[in-house]
Each structure stands twice: as structure tokens, then as C-alpha cells.
Amino acid sequence: MDVMELFFVWLGAAVVVFYVIKIVSFVKMFYSGVLFLQPASFFTSMGEWAVVTGGSDGIGRAYSFELAGRGLNIVILSRTKDKLDQVALEIGQTTGQKVKVIVADFTEDDEYEQIQEELKGLNIGVLVNNVGILPSHIPSKFLQIRNLTQRITEVINCNVKALVKMSQIVLPGMEKRGKGVIVNISSGVACVPSPMYTMYCASKVFVERFSQGLQAEYKEKGIVIQTVAPFGVSTPMTGYLKPNLVTMTAEDFVRTSLKYLKAGDKTYGSICHTIMGWILQSVPLQIIHSERMQDCLREYVNKRVGS
Ligand SMILES: NC(=O)c1ccc[n+]([C@@H]2O[C@H](COP(=O)([O-])OP(=O)(O)OC[C@H]3O[C@@H](n4cnc5c(N)ncnc54)[C@H](OP(=O)(O)O)[C@@H]3O)[C@@H](O)[C@H]2O)c1
């Protein structure tokens, strides 16, 4: 066998192994109840409190309700006091758990001393780094984003810095207790370079790399750290897209994705969104990156937002 032949044999074998691993982990999703079993006390065994950034609406709100339903007290953080108080009241009434609210704007630089102070002394078992913003609701090329200078700072502070700083605040307690769960919300679209959402996608790639590296560092300490990368979820961010086979309600998405918490350092959170990730990654980038496709995307979202 000459060198070229050997190279192609090894390349073929590597491709087969790669797809076998992908298929096996996909098939495992159908047996999550058995393979990734969580006892009913799993979350309460991690600690008494869960902290959810952006917890007053959308996916964060759904995490707050779900984790309270599983017996944790909740700390919710976002900008609007009225919304936080209302959600706190509803969680308290429906689950009987304690809820603490912290008003914080993650686009700002200097919120963390106050947050650290407010979280002091709490036995935090779960952190959901959920808060995230789009630079622009209408898909736009980088230089076409309105107030670009300001938006660059806001997106990096909110989507990147918040996750790192909240981990810095919460992780030491988890390390000391030798247990904890950190869920970091990325996005399905970050699985390929997505023009018109360039800054958003790049910030979510940061979320994934940070999360996966951190999991490798702290796995041995008993801490589960997972990136969750949804596609469509019906929330204010997506203009409350009508739920269907592909677009999930926030409540359904959170409930489903928590089943895969032990399925590895990254999950799309549902079988349907996993398939979408596969499809998106198999579309040639020349198509996704073509001007025609970018125009179609902008027209589609424009029409939807306008309607
Ligand atoms: N929805 C989807 O289809 C989808 C898909 C992929 C990934 N994601 C990701 O999932 C996460 C949650 O998305 P979502 O759709 O639930 O978002 P959302 O509907 O826009 O909800 C955002 C939450 O974050 C808070 N928030 C917004 N800006 C904030 C800021 N600067 N500082 C503090 N809190 C802030 C909001 O409350 P206030 O406005 O009162 O501050 C609200 O509680 C994000 O990271 C997003 O990128 C969403």
C-alpha cells in the first residue's frame, strides 16, 4: 500500500468513526430517561438555590419556574424590577419556593460587585447563564447595525462578559462543596458562521468554547457544565414565533433540554433541534454565505417583524 492509499484508508476510517459517534449520541437521546437518569432529588442535592440571568422572561423565566418546581429557591436577575417582582410572585404562589430578585443590566460593565454582595452566603447549586441579546432584531451586516459602537460594547458585555463574571462569582462555592450545575445558553445558529448575525453568533461561539473548557477543568470536582444551543424558541426575542414542530415554547424547551443535562458538554436541547444542527452543518457554506441567502433572510425576518 503506498502512502496516498494509506492516507485515504485512514481518512475514510476517521470519517466513519466520526459519524458512528454522532449517530450513537443521537440515538442515545431517545433513551434519555434510562441513560441520563436524574433522581427526583438531583437538583436539590446540588444546593438550595438556582441563579438565572435574564430570568424574568422567555427561556430564563421557564428555567426559573422549572427549577423552582424541582424544589430550588430561585434568584432571578434582569433589568426591569416590575417584571422581576411579578415573576417572583408567580413562582412563589405556584411552587412555594423562595425567590430573590436582583436588578442588573448586563450590558453595563460594573454590576458584579453588587451581584456578588447579594448572592453572598447563598448555597447555590445551579447557575443558568441565560441572558443574551441580538445586536439588531433585523438581520444586518456588521456596519449596518444601528449605534454600532454602543452595540458592540453591549453585546460583548451581555453575551460574553456576563457569563464569565457570573461563573467567577458562583463557581468557587460549587468547587468548595464539590457539586453544582452550570447551564450556559448558546444558540443553534452558532454551529456555522452565520452572516447577518455575525456578532451574535461569534459571541455564542465564545459561550460554547468557554463552557466546554470549563467543564473539562471542573468535571473532576463534581460540577456539571453544559452548553445548551437552541434553535427557535417562542419568546420575546423571537417575537413570540408561533410554536410548531420546530419552534418550541420556552417551557417545553427547558423541560426537554434538562433531560439531556448529563448527555455531554453540549446539547441542542431537543431531538428536533439536534436534527436542525445536523442539517445546517451539512448545507455548503457557499449557500449560507451567498448574498442571495442573506437578502432572503433579511426579507423574511423584516416581513415577520412587520406583520
Ligand atoms: N429564543 C430563541 O429562539 C433563542 C434561540 C437561541 C438562543 N437563544 C438564547 O437564549 C437566551 C434567552 O433568550 P430569550 O429568547 O429567552 O430572550 P428574551 O425573550 O429576549 O428574554 C430576555 C430576558 O433577559 C432579560 N434581559 C434582556 N437584556 C438584559 C440586560 N441587558 N441585562 C439584564 N437582563 C436582560 C430580559 O428582561 P429585561 O428586559 O427586563 O431586562 C428577559 O428576562 C439568550 O441567550 C438567547 O441568545 C434564544
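Biologist: Which residue just after helix 5 takes a positive phi?

Modeller: Keep in mind that we are looking at a predicted model. Follow helix 5 to its end, and just after it you meet a phi of about 80°. The residue that takes this positive value is Gly 96.

Biologist: Thanks! How far does helix 5 reach from its first C-alpha to its last?

Modeller: Helix 5 covers residues 81-95, so there are 15 residues, and the expected span is 1.5 Å times one less than that number. That expectation is 21 Å, and the helix comes close to it. From first C-alpha to last, helix 5 reaches 21 Å.

Biologist: Which residues of helix 5 are exposed?

Modeller: Let's begin with the buried ones: Leu 84, Val 87, Ala 88, Ile 91 and Thr 95. They cover an arc of only 105° around the axis, so they sit on the same side of helix 5. On the other side, the exposed residues are Asp 82, Leu 89 and Gln 93.

Biologist: What do the buried residues of helix 5 pack against?

Modeller: One partner is a helix and the others are strands. By name, they are helix 4 (58-69), strand 2 (73-78) and strand 3 (99-103).

Biologist: Which element gives the largest share of the shell around the ligand?

Modeller: There are 28 residues around the ligand, and among those that come nearest are Gly 54, Gly 58 and Arg 79. By class, the shell has eleven nonpolar, 13 polar and four charged residues. The largest share from one element is three residues, and it comes from helix 4.

Conventions: Residues numbered from 1 in each chain as written. Predicted model: local features only at pLDDT ≥ 70, side-chain atom pairs only at ≥ 80, totals over all residues. Helix = DSSP H or I, 4+ residues; strand = E, 2+ residues; numbered from the N terminus. Buried ≥ 20, exposed ≤ 12 C-beta atoms within 10 Å, placed from the backbone. Arc of directions from axis to C-beta. Contact = placed C-beta atoms within 7 Å. Near = placed C-beta within 6 Å. Nonpolar A, V, L, I, M, F, W, Y, C, P; charged D, E, K, R; others polar.
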